[in-house]
Structures are given as structure tokens and as C-alpha cells.
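Me: I've got a protein structure open and I'm not sure how to read it. Could you walk me through it, one feature at a time?

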Protein chains: 2
Amino acid sequence: MASGSDLPHIVILGAGFGGLFATQAMARLEARITLIDRHNYHLFQPLLYQVATAGLPPSDISWPIRSILRQQRNVSVVMDEVLGVETSQQRVVLRGGPVDYDFLIIATGARHSYFGHNDWSHFAPGLKSIDDATLIRRRILHAFEQAEMLPRHDSQAQARERLLHFVVVGGGPTGVELAGTIAELARFTLARDFRRIDPRSARIVLIEAADRILPGFEVSSSGYAQAALQRLGVEVLTRTRVSGCSVDGVELETPDGQRLSTDAATVIWAAGVEASPVGRWLGIATTAGGRIAVNGDLSIPGHDTIFVIGDAALVKDQHGSPVPGIAPAAKQQGRYVARILKARLHHRPAIAPFNYRHQGNLATIGRGAAIIEYRGLRLRGRLAWWVWGAAHIYFLLGVRSPLLITIRWLWEYLSYSRGARLITGTTGPPENKPGS
Amino acid sequence: MASGSDLPHIVILGAGFGGLFATQAMARLEARITLIDRHNYHLFQPLLYQVATAGLPPSDISWPIRSILRQQRNVSVVMDEVLGVETSQQRVVLRGGPVDYDFLIIATGARHSYFGHNDWSHFAPGLKSIDDATLIRRRILHAFEQAEMLPRHDSQAQARERLLHFVVVGGGPTGVELAGTIAELARFTLARDFRRIDPRSARIVLIEAADRILPGFEVSSSGYAQAALQRLGVEVLTRTRVSGCSVDGVELETPDGQRLSTDAATVIWAAGVEASPVGRWLGIATTAGGRIAVNGDLSIPGHDTIFVIGDAALVKDQHGSPVPGIAPAAKQQGRYVARILKARLHHRPAIAPFNYRHQGNLATIGRGAAIIEYRGLRLRGRLAWWVWGAAHIYFLLGVRSPLLITIRWLWEYLSYSRGARLITGTTGPPENKPGS
């Protein structure tokens, strides 16, 4: 992958928010940029829960990286997988071969983490990729189909309850959004679609280990979210830990130390994340969660040409607290590293260390309820939901026809329909085994 | 699945055009109807090629069967797979258990057929289901990605040509639509997306065994289609048979008996179909292609309560020619069987045998070129294409927001974009092995 060009070669691993914003911020830099991702698309992760709950098709929230960067002539996009980094040789080893770099930006994000219980992943899939989302969509829709197929006999009551029981582990924004949307799917969208079961009787439980859901938000926001979820019929269990996951459901540890098992066919994991294996690639130590503790300029100790940003990095804000693993943080870091490289290539003096500006928190609880904590602004309820929708359409501007998405949303909002209710993929019924 | 109800039980296998139209035509009949399908959605097959070529997301052409029939209270929808029919017991055996019937309508359609060479399916997938379509989409997009990743050296010229070589086997409407759309994808949509390869140099070949493409159409239409494809840069080989398919591409037999092998990474099969295994389920003999030769009222010999319709049936028109396996034929047969059952249940005299009314042929060759042979009407070119688009939007009315699809189409028409260019699924690069 060498080239005769004399321009410095900047290699970026990962086309998430961090990698993409770094790339775009260097649009006019005299350099060769190579952007490498396992997928051919950039994923708008904040709306992934909509795919998992059949509200949007995958292609509405993911766009070919090549299309986004079509006009930026200093970039080559490569679809490949990272195997390691040979820092002494200044090269990245991909499945397809090695790539030399002058500067390296690692923005490969995070996966969900089971706190050492990787065997739980089979029973409680997490939500980080398009394939995760279509798997979860399949499991949710299958559960209703299977419940409908059970004979009407009373002997099947337990199996039916198990199939109509959904547990979401983790009360952060993703967990709250998932629980709220599954409740709406059951209460409204599917309400009249079945003949033997009443989807409205589905039991949706949200589990959080801390003493309140949305622990990163203000205390009053947590209370609002919990009330809004309960209005939708979601049971919220705080101060509750998961101590086991199996084909039979989830084993819980309640605040008073009791263990109880809950027999649910569908369990979704939204509880923790773990950085991609950057420490292994680089051969350096990581902090908890696999993150790399970076210098003030986001480079790694001992290598001023290697930067780690986004969910893979442990960055401290001015108060010494870790910067949260959210899209705005990754974007800010991407733009910051682009500024660093511009200064270096133009032989300008070094710029000040990275300074995270927290802009706020955002979460929705189904249709018509949302929480916005944005600088001085505190907004909740229906208006917040519309602002949330408008803001997302604004973010999507330029990558996809915003008119089209607006109309789809309005349509689904007015009609309560969720258009992407497809059970696809080859693995079918065996995933949700009825009892025993 | 028995019930205390005294109403006659009509079981319909398959929710394609035949099964769905039969179900809807019996909306006011005093009967219990059970509609069984392997999938939870009805697939609008005429637009499946758009999914395979990244123009539409799967959920735009497939709708949950339950939603379509939500208002029809005499229907239960069951998602399950047929294992067999016990005609002496009047029951269908599903994976989930047996279902008794008073009347049975089999409308399970067809799969692609490799004329006895089932081992070709791995190298040349066919296009009948959503999963087929996303597999083909993945292979097409992967081929371009892999070609881009090859080193620039001349030694790789052959491998690059192989990856940019697409072969479509079968010159019926599906093959013509696929070849035309792949050519447009390469010439327009992807034209500026790559840095090392020029997607416009892709070679697209359409192979047909008969002496002209679109053999079911009028001779002049075939000529028009061939010229339109050639304008898009598609090579059309007629009177050419496929004698082998492997990882290296396709082996062809030319009109003069010569064999030549063509080294293509992506081969798509649109050459033949074979009925679903209805003969095996019923334990009766089938004709060529696995179809069941039915009586004049579409019942099967010896069983006047079992009907076979659509692609699984061999039905003769008034001239003794077989009715083609197209959507309008399946719809007419579905409605006809509904009329038969209404007459029987109301003890009215038997109605006249089924009489197929051929309404015409329809094919598109990419954007802005189409052929319509509809009764007296002969339309070709741009106007035909707009009529085709309007007609499809009309067909989709009532099942999906037509406004939404109209806007998506107009947007993609005006912008030349194909929004659903996602490489999804777990099986990745190994599918298109470069040379060797």
C-alpha cells in the first residue's frame, strides 16, 4: 500500500464519529489520508435502537463512507480489519496486508462488555452494530410470533408469559430508549396484529445497578424518565444487579441481597462497554474497560505520532473526570487531533491540550417524551421530543435525504406503524426456545 | 390448533401474491382462515432486484402479513414451515405441529433451479427472497471493495478484472433488470467513489440460452431491450448456455459449440425456477419443474378440497399453453379459488373453470427505459419507465406509505444515489476469493 507520493501519510482506524470528523476536518490538508473501517458504512449509533425495534431500516442510519467522502480527494477509504500495529516500523497490519503511516489516529470505538461473563452474550445480545440491531429485532418479533403459536391451553400459560417477557439490562440512555420503544411496540404497533395473544400484556423490565436510571443525568431527569417509562408499563428495577444469564432468563440480585430469577425469552444487554482491543494491538497497558490513557494532546505515552480518540481512549476533563463515551466527545477529539496535525505539518507551535466541553445529555422515552439537558436549557416531555427529532434530522443533513427521513418519521408518528418489522436472516425460531 | 368453532377451516400455505389475494378475497366469508408462511412478511417480488442492487431497503418492499390483514377478523396468521400434508387425515404438518383443514390452498411459489446442478448455487446465487437479495448486494459491493484494495501493480490486472466482472445468467425480466441496474451502479452511482479503480470499467455480461433476451415478449421488444442494455455497456450473449459454475466463474457453451470460460467474481442466477416441494408434501407426481398439474378448477386430481395456485401449479390457458409464473397469474388464481370456496360454502352451483387473462408484459432496463406490452398498448423508453414507476406505486398503495416511496424514488432518480449500499451480515470478504 506504499505510494511514490512525498506527502505525509495519515492513517485513521475507524469511521465512527471520531474518525470521520477527524478526516473531514483535514479536508484541505496537504496529506494523504487513509481511512480504514471493517464496514463500508458510517453508522449513526444514536438511532441504532430504532433499527433494533423495527422503526427504521438499517440503511436510514448508515451511509457508505465512500459517498460521504466522495468530494474529499485527499482521502482513500479502505474496508479491512485491523490485526495489529507495529509501532517500531510505523505500520498497521490489516487482514489484507500492512500499511505504513506517518501519523496514526485510532478511533475504533467500543463493544459491549459483560464484565468477564462473555458466555452471557449469547443469551443477552448487546447493541453496537447493524448486525446486533437486526438480531435483536429478530428476537423481539420472534418472541411474539412464538407466543401466538402456542396452543391456547392453560398449561401453556407459563411458556406464553416467558415469551412475552422482555428484560433490558442497563438504565443508561440506550437501555431507556430500548425499554420505552419495546413497550410502545407491544402496546400500540402490534396491539391488534395477533389473534391468540394480547401483545399489550407483554412485560417489559428495565434493570439498573445504580440507585437511579440515567445515572449520568440530573437527579430530577431520572425521576421524570422513570415515571414516563412506568406510564408506558415498563417495570423499572434500580439497585439491582445481574448475577447470571442463561437460556432460562436472568438471575438478579436485589438491593437486600436476595437472588431471584426472572424467566424471560428476550434479554438485551445495554449495561457496559469495553474498548476495542487497542491495548493488544499496540502492546501497551490499558485502564479498566480496555481504554488507553492518553496524553493531554490525545497522543499515547512514548509515541507522539499515534493518537487514540473516542470510546477507545481514557481522556480526562478539566476536573479530572473521565470524558463520557458519547458522540459529541468523539467528534471534539477528532477535530482536535486534526488541528494538532495541521499545526505539526505547517510547523506551527503546538496547541493547548484537549479541553472537553460537555454540551449536555439527551434521551428519549418513546414517542412524545424526551429529556434535554443542554447547557442552561432543561426541557422535558413532548416539546423536548420534537426538539430531539428536529436535532437528529439536522445532524443527518447532508448525508441522507433529510426530507425522506422527516416524512418517514412523521408517517410513523401519525400512523403508529413501525415499517421495518422484518424477521430476516437465516437463524430462525430455535433462538427463542420455549421453556425447558 | 383445533378450535371449538363450527365454521369451516380454510388453510392457506404461502402469503405471496396467490395466497394473500385468496385470503383478502374471502374477507367476508363465514369461515376460519389460517394463513401460514415461513416469513412474517409479504414480499413484493417484482422489486426484489432493487434490493439486490442497493436501490431500496428490504423493508420498502416487504410488509408484515399481520399488518396487511389486521382488519380481516376471520384470518389467523401463523409463521411456520410446512413439512408435509396428510391428505387422508385432512391435515397439514408444520414444524410447530399439525393443523386440520376443511379446505387447503397451496400457494408456496417457486425457488430458482439449477437444472440438476445444485452445487452451482454457492457460486451463482439466485434471487427469490430478501436474504438472497442482501447476499447478492453484499457480493456486488464487496467485489468493488476488494478490487480497490488490490495493489496497483500490473501483476494484479487480472485479479482486478475478475473482481470487476459481473455475469447474470438468464435473460428474462429479472436478468435484464439486474444487468441494467448493476451497469448503472457501476457507471453512475459508484463512478466517483473509488480512488484506485474506475468502477465504470466494470464488465457486465448477460447470458441467455434462447436466441433472444426477454423470450416471452414480442420480438421487437427483445431488440429494444438488447439495444438499451448495450447503451448501458452490458454485453448480451444469446444462444449461449452455462455448462459449469465454480469459484473461477462460469463455463459457457457458445452457439457454434465452443466452450469458453469467463473469469468473473460475481455470478447471479436468474435462469430457471422450480416449484416448492408440493409433490413431495402431497405424495403425488409432478411435471417438469416440480409443478402440480391441476384440474380446471385448480383443485388436484382426486382431492376436490385441495387447490394449488401460482408458481407451484401447472395451469393451462385456453390455448393449452402453460400460464406464466408471474404475479398477475397468481393473483387471478387466488381470487378464483376464493370464488370457488364461496360458491361451495353457500351451496351455489359450481362456477366455470379458471380462465387466465394475460394482461401483458413489463420489464425495465435501468433508469428511464422500460417496455410495456399491455393489451393493445405498446410503450417503450422514458415514458414507459414513468408509467412503470407510477403503476408500481399504485400497486403498493395501501400496504405502505406510497408518498414515502414516491419521494425516495424521485430522490434517488434525481440524485443518482442508491441509498441502501450496506454490506451487512456476518459472512464477509471470504465470499469473493481473489484468483488462485
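Reply: Sure! Let's start with a term: a residue counts as buried under 20% relative accessible area, exposed over 50%, and partly exposed in between. Keep in mind that this is a predicted model. Try D263(A): at 32% relative accessibility, D263(A) counts as partly exposed.

Me: Which residue does D263(A) meet in a salt bridge?

Reply: The partner is R162(A), and the gap is 3.5 Å, N to O. R162(A) sits in helix 5 of chain A, while D263(A) is in the loop between strand 16 and strand 17, so the pair ties together parts that are 101 residues apart in sequence. With 5% relative accessibility, R162(A) counts as buried.

Me: How many salt bridges are there over all chains?

Reply: A search of the whole structure gives 26. One that's worth a look is R70(B) with D193(A), where the closest N and O atoms are 2.5 Å apart. R70(B) is in the loop between helix 3 and strand 5 of chain B, and D193(A) is in the loop between helix 6 and strand 12 of chain A, so this pair joins two chains. Check the accessibility too: R70(B) is buried at 18%, and D193(A) is buried at 3%.

Me: And R91(B) with E86(B): buried, partly exposed or exposed?

Reply: Partly exposed: R91(B) has a relative accessible area of 28%, and E86(B) comes out at 29%. Their side chains meet in a salt bridge of 2.7 Å, N to O. Salt bridges can also link up into a network, as R66(A), E145(B) and E148(B) do.

Me: Let's move on to sheets. How do I read one?

Reply: The general idea is that strands of a sheet pair through backbone hydrogen bonds, either parallel or antiparallel. In chain A, look for four strands in the order 13-12-11-17, which form an open sheet with parallel pairing. Strand 13 and strand 17 stand at the edges with a single partner strand each, so one side of each has no neighbour in the sheet. From one strand to the next, the twist averages 20 degrees.

Me: How many bridges join strand 11 to strand 17 of chain A?

Reply: Four, and the two strands run parallel. Within that pairing, V169(A) stands opposite W269(A) of strand 17.

Me: Which helices go with this sheet?

Reply: Start with helix 6 of chain A, residues 173–189, which packs on the sheet and touches strands 11, 12, 13 and 17. The direction of helix 6 makes about 175 degrees with that of strand 12. Then find helix 4, residues 130–149, lying across strand 11 and strand 17 and running at about 160 degrees to strand 17.

Me: Is there a residue in helix 4 that I should click on?

Reply: Try E145(A), which lies in helix 4 of chain A and is buried, with a relative accessible area of 6%. Apart from neighbours within four places in sequence, its contacts are F194(A), I423(A), N40(B), R66(B) and M79(B).

Me: Where can I see an antiparallel pair?

Reply: Go to chain B, where strand 7 (residues 91–94) and strand 8 (residues 97–100) pair in the antiparallel sense over four bridges. A hairpin joins strand 7 to strand 8 through two residues. Across the pairing, V92(B) stands opposite V99(B).

Me: What about aromatic rings?

Reply: A pair of aromatic rings is described by the distance of the centres and the angle of the planes. The search of the whole structure finds 20 aromatic pairs over all chains. Take W385(A) and W388(A): their ring centres are 6.1 Å apart and their planes stand at 35 degrees, so the pair is tilted. Both W385(A) and W388(A) are buried.

Me: Why are W385(A) and W388(A) about one helical turn apart?

Reply: An α-helix has 3.6 residues a turn, so residues three or four places apart point the same way. W385(A) and W388(A) are three residues apart in helix 10 of chain A, which puts about one helical turn between them. Ring pairs can make clusters too: Y114(A), F115(A), W120(A) and W269(A) are linked into one.

Me: Last one: how far does helix 9 of chain A reach?

Reply: Its 19 residues, 327–345, reach 27 Å from the first C-alpha to the last, close to the 27 Å expected at 1.5 Å a residue. Just after helix 9, look for H347(A), which takes a positive phi of about 55 degrees.

Terms used:
Residues numbered from 1 in each chain as written. Chains lettered and ligands numbered in written order. Predicted model: local features only at pLDDT ≥ 70, side-chain atom pairs only at ≥ 80, totals over all residues. Heavy atoms only, no water. Pairing = 2+ DSSP bridges. Axes fitted to C-alpha atoms, helices over the stretch in contact; angles between N-to-C directions. Contact = heavy atoms within 4.5 Å. Expected span 1.5 Å × (residues − 1). Phe/Tyr/Trp six-rings, centres within 6.5 Å; stacked < 30°, edge-to-face > 60°. Buried < 20%, exposed > 50% of the residue type's maximum accessible area, 1.4 Å probe, protein only. Salt bridge = Lys/Arg side-chain N within 4 Å of Asp/Glu carboxyl O.
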